[in-house]
Amino acid sequence: MANRENFYRLLDLEPSVSDCGFIEQRIREKQREWSKARSQGNPKARRKADRCLALLKEIEAVLKDPETRNEEARQARKLIEQQRQAEAQELDEAIQVILASGGAFDQPQLAKLAERFKQSFSEAEVLKRLKAAGARFKGDPGQSKQQRRAKEQIDPVTAKSIRRNLDHLSQANLYDFLELSPRSSVKALSDRAIEIYKENQRIGRTDSEASARNELAGTCKSLFQSQDRKEKYDNYLAVEAMQGLKENLEIAGSDGFLSREEMDTLLKQALQRGVPTEEAKAYIEDYAQRRKWNVQPDADLPSEALQLCGFCSALASPGSTKCPQCGEGLSMDCPRCGAGNPTQNAACQSCGCQIGDAPLVKSLLKEGQRLALEGDFGEALRCVQKALHYWPDWKPAQEAAKKIRRKQDDREAEILGLQKQIAARQLVAARPVLERLERLYGKAGLGALRRQIEEGLDKAQAAFEQAQRHRRGGDLDRTLDCCDEALAACADFQPALQVMASSPPPPPANLVARSIGNRFRLTWKAAGSGRRVTYRVIRKTGSAPRDENDGEKVADVRAQDVDDAEAPVGAACFYAVYAVRGGVASHQAARCGPCLRKAEVDRLEASAGNREVILRWKSPPGCRRVGVWRKVGQPPAGPQDGTGVNVAGQGAHDTALKNGQPYGYLVKTFFEDPSQPGTETSTAGIKISATPISPPRAVEDLRCSRKGKTVLLSWTPVSDATVQIRQTTRLPEYSPGLILPISQADRFGTPLPSASANGMQVSLSGQQGQVSFVPLSVREGTAVAGKAVSVTTLDPVSALAARRSGRGIALTWSWPKGLDDALVCLAYDKFPQDPQGHQGLQFRVTRRQYERAGCWQLGQAERRRHYFTVFAKASGKDLYSEGTSVLENMGQQVAVSYRVAVKKSWLKRSIEEAWLELSCSDAARRDLPPMLVVGKVQAVPLSPKDGQVLAEIPGLRFTNGRATVPIPRQHWMNRLYVKMFFKDASHAQEVRLLPAERRLLRVS
């Protein structure tokens, strides 16, 4: 700390600021300011900017940690106090000089002193110290300052329109019209104006009052769009209020002199009208100056120490902690940074948070809490969320929102349970639950449920009273009917249940179960007269049901039949049907069983191979065995119509077949017959066909290239087969060459349309992540899986560049949209290709880290070649984009120079041999990557496409730093200019090709 500037002072931050978000924002602002100064400032500013930018990491580290940040703030406060004391001593010395010169000073001298000591003292404080020392203004003692420049106000036309409409509505100002404080934020004021306008539009009134409200709402939306416009209106209000005090001013100055007591009274009256003390004092002094009144000088007036309540605008005496009128505190903690502030402030002194919205925000919180107590959670949450709209970090509102949501969730869960009870007509049990809900959460939204309960209970009571009358008359059938009506209205109406329990219905008879497809159809005869009787069907596995609760309920129906498709396959089931009336079941039941539900094999598939067919399936539960029979040309009609095939487990392998000959198969399942122990029963069987073939060749060379969102696929065509490409985001495990029926191809994803014999184009729009493509060679319903390829849909980084930075290396790149992570891979011999399989150095980089430094840096780099590949990475996933590579040679770039050499005959001077001579600056260099030799007539080629390719060199080897490349004989007579290029231009980063001068590049 002793060797550097305090970071709070460096960032122009108040020591009271502790909010990390605000500090980080200030660091970013200063970083931009210093960067601009480093490139555009004068030499002194550049030196300071370089020094400050070098401290960025240390600044962030110190101010991010609470302990070091508090110490830095303490030191800042200490430095500020030391500076203030030093400047106070210098100011007092300057004042002594003024006193020694006669004790009078003028406005230019005051302004000069204020400018000199502005770091520690305001102009008002300088003036105060001058007066305290006995100094006075030159000339008129009442003329302490020059005429002040008037503050900008709203235009007179707008002011006149506002006053006319406010007078029509009997409102004092726009803040009263909006029912908000003058210290409210422009966001709150604008939102309230929009609410008023929308409410007026909803009501649709067109009278003069509605017109005035609409005009004022529109004016508010315009005036409170920005803080600058609001200040213009506030300036207008202040002048309007002070003009209302003119008569009192004239009374006070009738003797040509404003005393201390008169000034204090006028300032207090102005403060009560909402005019800040400083503005009121300036207005009075300017007014006195125009009227040529003398003003008794006094730096301290009692009215200047009064406190203004930010909630009700009442005045409180100095030292008070609560408002004497509304009881609210006169100071508050900022909801964002926690710093203490007077409630009369519009914004926090430390972080700028709009604390002037306190009356609105606190009233919204209270209203939300009141509505929550009444059970109106939706409206309560809306109020609290509106409070958080203005103060997002306010803990009381955040906690209130969580509490309301919890209570809302609890209430909705209990209401859901109550609704289920009402739907089941359990109204007697539902009534106390409803009463409890009303006690806990209020009656809001529960009226409809109460009506359903009360109406159901009233119907049940009326029906039961009618049943009692029939019972006394001896009419049992009518009695039971009325009790049934009562239970239809309220299923737990106990008096009706007791009557019904004393007279159970007779049971049904002749229950029969028939197998139809994959289900049982149950039929029976009705029980007695059947009036208001339902039937409960019970199923039990292994033994017959003993009563209506012994087993699984299949259905409750009024008809005399039902279908059961849920019976377990392969298990013996027993059924019982009970008659039910008024919730009371018959004592006896109609019964049948055992019944066996059979099922065919599942997922039957046939794969045809070379002179063979492989059948696969999944056996149903309870199946004892599976039988398979084969027939040439078509499936057999039954076991006697075909040849048996050996079955092993969940499949069969039929061999020694003839290729190209179709074969049909019958597959039947066998179960033990529960009605005749020791015997079997079988299904009708299912059929399938297949034709053995010689499987096609698998695609082993599927190639893939991606350009933006388009993928180009190509492969070598497969004779006598169609190549189908499947696309998937989850590649299953398999080995290339796998043979499978085309019906199983969906395991490799969805098929892609419009494939040619050897290529296709695919769009990746809407895809995210990694996409794999699997080639299938298809012939006669048989597919052979080839080797898959994969691409990622993530865009790579672009504009990758490397530069030396001191003893390190700095990388810069452009981030792809939507990605905030990258992986930098480093090797010293070649560019890394696989981000997950790379064995060299790896560095994880976030966008935030990158933007903080403006680059990514590798410190203390060795003097050797550095091969970098940068992969963009998806957040939270091991998913990477294609790599972007760059080479930094660190001054170790290899230079290869070359020239054309020819050998001519002695007599004819014709060319006998022509070649390129290459010389490498690095004698240890052994080879070069693939290259192109390009020739052109009359001029030296400028690029690989600017001429004719004479030869492709797959790899060039050096011996003692030298190599030769022959020039083909057919090009000697053309007198071409010859030049060499890398086949892959990226290799030019590693090796620099240096052609000789123009005349030495010609074959001549």
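T277 has a relative accessibility of 15% in this predicted model, and because buried means under 20% relative accessible area, T277 falls into that class. The residue belongs to helix 15, which spans residues 277-291. Apart from residues up to four places away in sequence, T277 touches L267, L271, S303 and E304.

A second buried position is S881, where the relative accessible area comes to 4%. S881 sits in the loop that runs between strand 40 (866-873) and strand 41 (884-888). Once neighbours within four places in sequence are set aside, the contacts of S881 are T792, L794, D795, P796, F871 and A872. One of these partners, P796, is 85 residues away from S881 along the chain, yet the two C-alpha atoms are separated by 5.3 Å.

Turning to charged side chains, the structure holds 48 salt bridges. One of them pairs D234 with K230, with 3.0 Å between the closest N and O atoms. Both residues lie in helix 12 (residues 227-243), and because they are four residues apart there, about one helical turn separates them. The two partners can also be described by their accessibility: D234 is partly exposed at a relative accessible area of 23%, whereas K230 is buried at 4%.

Another salt bridge joins R539 to D564, and here the closest N and O atoms are 2.6 Å apart. This pair links distant parts of the chain, with R539 in strand 11 (residues 534-541) and D564 in strand 13 (residues 561-564), 25 residues apart. Both R539 and D564 are buried.

K553 and D556 form a further salt bridge, with their closest N and O atoms 3.2 Å apart. D556 has a relative accessibility of 38% and therefore counts as partly exposed. Beyond such individual pairs, E179, R192, E195 and K386 are joined into one network by salt bridges that share partners.

Charge also appears at the surface. K904, R909, R975, R998 and R1002 together form a positive surface patch. Within this group, R1002 is found in the segment after strand 50 (991-995). The relative accessibility of R1002 is 33%, so this arginine counts as partly exposed. That value also fits the patch criterion, because patches are made of residues with over 30% relative accessible area and no salt bridge.

Methods: Residues numbered from 1 in each chain as written. Predicted model: local features only at pLDDT ≥ 70, side-chain atom pairs only at ≥ 80, totals over all residues. Heavy atoms only, no water. Patch = residues over 30% accessible without salt bridge, like charges linked within 9 Å, V, L, I, M, F, W, Y side chains within 5 Å. Areas by Shrake-Rupley, 256 points an atom, 1.4 Å probe, with all protein chains shown as cover. Salt bridge = Lys/Arg side-chain N within 4 Å of Asp/Glu carboxyl O. Lys, Arg positive; Asp, Glu negative; His and termini not counted. Charge placed at Lys NZ, Arg CZ, Asp CG, Glu CD. Helix = DSSP H or I, 4+ residues; strand = E, 2+ residues; numbered from the N terminus. Buried < 20%, exposed > 50% of the residue type's maximum accessible area, 1.4 Å probe, protein only. Contact = heavy atoms within 4.5 Å.
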